[in-house]
Amino acid sequence: DKIVESDNGPQTIPVARLTIPMQKRIVALAAAFLVGNPIKLQAAPIDQLQTDLMTVVQRTWDDNKLDYESKALVKLMMGETEVAELWYTEEAEPGYWLGTVNEAAKFRLRMKILANKYGDSLYPVYSNSGDMIAFARGYTLNDGEKKIEHFDIYTATSIYYLVKEEEWVMTTITNPVGKIPVIYYSQEAPEWDDVQSLIDRFEKVISNHADTNDYFVSPMVFVEGEIEGFAKKGESGKVLIGKGGAKASYLTWDQSPESLKLEINNLRSLIHDMTDTPDISIEQMKALGTYSGIALKMLFLGAHLKAADKEEIFGKGVQRRLNFLKSALAKINVSLEQGVPMKITPKFEYFLPKNDEELITLLSTATGGKPTMSTETAVRNNPFVIDADDELKKIKDEGLDNEIETP
């Protein structure tokens with residue numbers, strides 16, 4: 001706020017200090033393009049053992065809601081520059097592994113996100129060749145009104161739990177998996193780092209413009225000559241009485257300078273362009289009209305190229321996650337150990353609005369108007385159908401399609 005001198009002494013005048021959450025928007029959209037669509041797990045099992053392992057990996061993935069947790073991990077990596085996921089075991093409730101080869105297994109895998117946001121200090125330790133050889137986590141827990149410091153260290157062979165009481169007390173256990181149960185993600189700078197100065201300027205211009213509006217939104221009266229009296233506030237039929245050619249008029253601000261409007265638009269455009277963040281505001285979307293599939297791909301090309309760059313960082317972590325899950329699940333059920341060499345890879349599908357009608361028209365044209373989809377496939381892909389098998393049976397019973405074989 002500003003301190004100004006007046007006839008009544010120093011006065012404080014509030015000024016606008018507006019914050020525009022551009023950083024949050026940049027991160028949210030970048031994460032959405034990378035993992036907005038669920039990550040698909042690809043594998044080619046060669047026998048029943050590998051098929052069983054793939055089944056329990058997928059069960060663990062789904063149970064830990066990793067499609068959603070991956071979004072949280074990406075956002076934290078892009079915003080805080082580092083985040084980690086910690087894997088641990090807990091007892092499986094009865095029936096948890098029902099329908100899988102792990103029906104007799106007593107344990108399951110759980111995951112916890114570690115980040116500065118949640119009070120964690122992260123300390124990865126690497127060898128000269130760049131391999132992680134240890135990982136440490138510092139944090140505090142409340143014990144009544146007292147805060148207790150904790151420091152956990154994870155290696156491939158052992159896990160060390162340190163608690164600071166009068167002095168540090170350490171408990172050591174053997175790492176049963178043989179791999180560090182932590183997946184660490186990091187990048188050099190926040191996602192908005194290159195445009196922070198533009199965001200600062202954008203906020204300053206918007207704030208100054210708000211202050212200017214505060215000055216001019218309520219009209220001021222300019223008086224020339226002598227005025228005998230003003231009407232009182234709320235008085236109807238207000239009249240000013242002037243003497244000898246006195247004049248009174250409103251001071252008005254016709255419009256914001258074009259240069260200010262141009263600067264605001266330029267800053268907004270540069271922030272989006274320099275971070276490959278599509279401007280998907282309502283105003284921009286209304287101006288776009290209808291785009292073809294190819295035009296949409298070109299419109300989001302920058303965002304997709306950026307997602308490809310981020311996949312180099314985040315994708316490596318997801319691959320390490322899958323490798324850890326295979327090893328850990330083989331310890332929970334040792335009969336799966338022979339299936340661990342099976343390769344499971346993550347496949348990212350970058351977000352892109354789809355024009356299904358255009359695609360169907362294209363396929364129909366390519367086949368000369370002949371059908372490109374069976375009735376069964378159409379039913380199974382119909383978003384209004386809840387139970388495809390039941391719907392197919394009803395269609396057959398009603399005689400709508402005699403060629404359908406009820407599953």
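Leaving aside its neighbours within four places in sequence, which residues is Glu311 in contact with?

**Figure 1. Surroundings of Glu311 in helix α8.** The model shown here and below is predicted; local features need pLDDT of at least 70, side-chain atom pairs count only at pLDDT 80 or more, and totals for chains, interfaces and linings use all residues. Residues are numbered from 1 along each chain as its sequence is written, and side-chain values use heavy atoms, with hydrogens and water left out. Apart from neighbours within four places in sequence, Glu311 is in contact with Leu34, Lys316, Phe348 and Tyr350. Contact means heavy atoms within 4.5 Å. Helices (H or I, at least four residues) and strands (E, at least two) are DSSP runs, numbered from the N terminus. Glu311 has a relative accessible area of 25%, so it is partly exposed. On this scale, buried means under 20% relative accessible area, exposed means over 50%, and partly exposed lies in between (1.4 Å probe, protein chains only). From C-alpha to C-alpha, Glu311 and Val35 are 9.4 Å apart in space, while 276 residues separate them in sequence.

**Figure 2. Crossing of helices α2 and α8.** The axes of α2 (residues 48-63) and α8 (residues 301-332) come within 10 Å and cross at roughly 115°. Axes are lines fitted to C-alpha atoms, for helices over the stretch in contact, and angles run from 0 to 180 degrees between N-to-C directions. The crossing is right-handed. A crossing is left-handed if the near helix is turned anticlockwise from the far one by less than a right angle, and right-handed if clockwise. On the α2 side, the contact is made by Leu53, Val56, Val57, Thr60 and Trp61. Helix α8 contributes Val318, Arg321, Leu322, Leu325, Lys326 and Leu329. Sorted by class, the contact has eight nonpolar, one polar and two charged residues. Here Ala, Val, Leu, Ile, Met, Phe, Trp, Tyr, Cys and Pro count as nonpolar, Asp, Glu, Lys and Arg as charged, and the others, Gly among them, as polar.

**Figure 3. Aromatic pairs that join distant parts of the sequence.** Eight aromatic pairs are found in a search of the whole structure. Rings of Phe, Tyr and Trp (its six-membered ring) pair if their centres lie within 6.5 Å; planes under 30 degrees apart count as stacked, over 60 as edge-to-face and the rest as tilted. Phe33 and Phe300 form a tilted pair, 5.4 Å centre to centre with 45° between the planes. Phe33 lies in helix α1 (residues 22-35) and Phe300 in the loop between α7 (293-299) and α8, so this pair ties together parts that are 267 residues apart in sequence. Both Phe33 and Phe300 are buried. The pair of Trp87 and Phe324 is also tilted, because the ring centres are 6.5 Å apart and the planes are at 40°. Trp87 lies in strand β4 (residues 82-91) and Phe324 in helix α8, so the pair ties together parts 237 residues apart in sequence. Trp87 is buried, with a relative accessible area of 3%, and Phe324 is buried, also with 3%. Ring pairs link Phe33, Phe300 and Phe351 into a cluster.

**Figure 4. Arginines over aromatic rings.** The charged end of Arg137 sits over the ring of Tyr139, at 3.7 Å from the ring centre. Arg321 lies over the face of Trp61, 5.0 Å from the centre of that ring. A charge sits over a ring if NZ of Lys or CZ of Arg is within 6 Å of the ring centre and within 35 degrees of the ring normal.

**Figure 5. Surroundings of Glu90 in strand β4.** Glu90 is partly exposed, with a relative accessible area of 26%. Not counting residues up to four places away in sequence, Glu90 touches Lys106, Phe107, Arg108 and Arg110. The C-alpha atoms of Glu90 and Arg108 are separated by 5.6 Å, and the two residues are 18 apart along the chain.

**Figure 6. Two residues with positive phi, Thr81 and Asp276.** Most residues other than glycine have a negative phi. Thr81, in the loop between α3 (66-80) and β4, has a positive phi of about 75°. Asp276 is placed in the loop between α5 (258-274) and α6 (282-288), and its phi is near 50°. At 36% relative accessibility, Asp276 counts as partly exposed.
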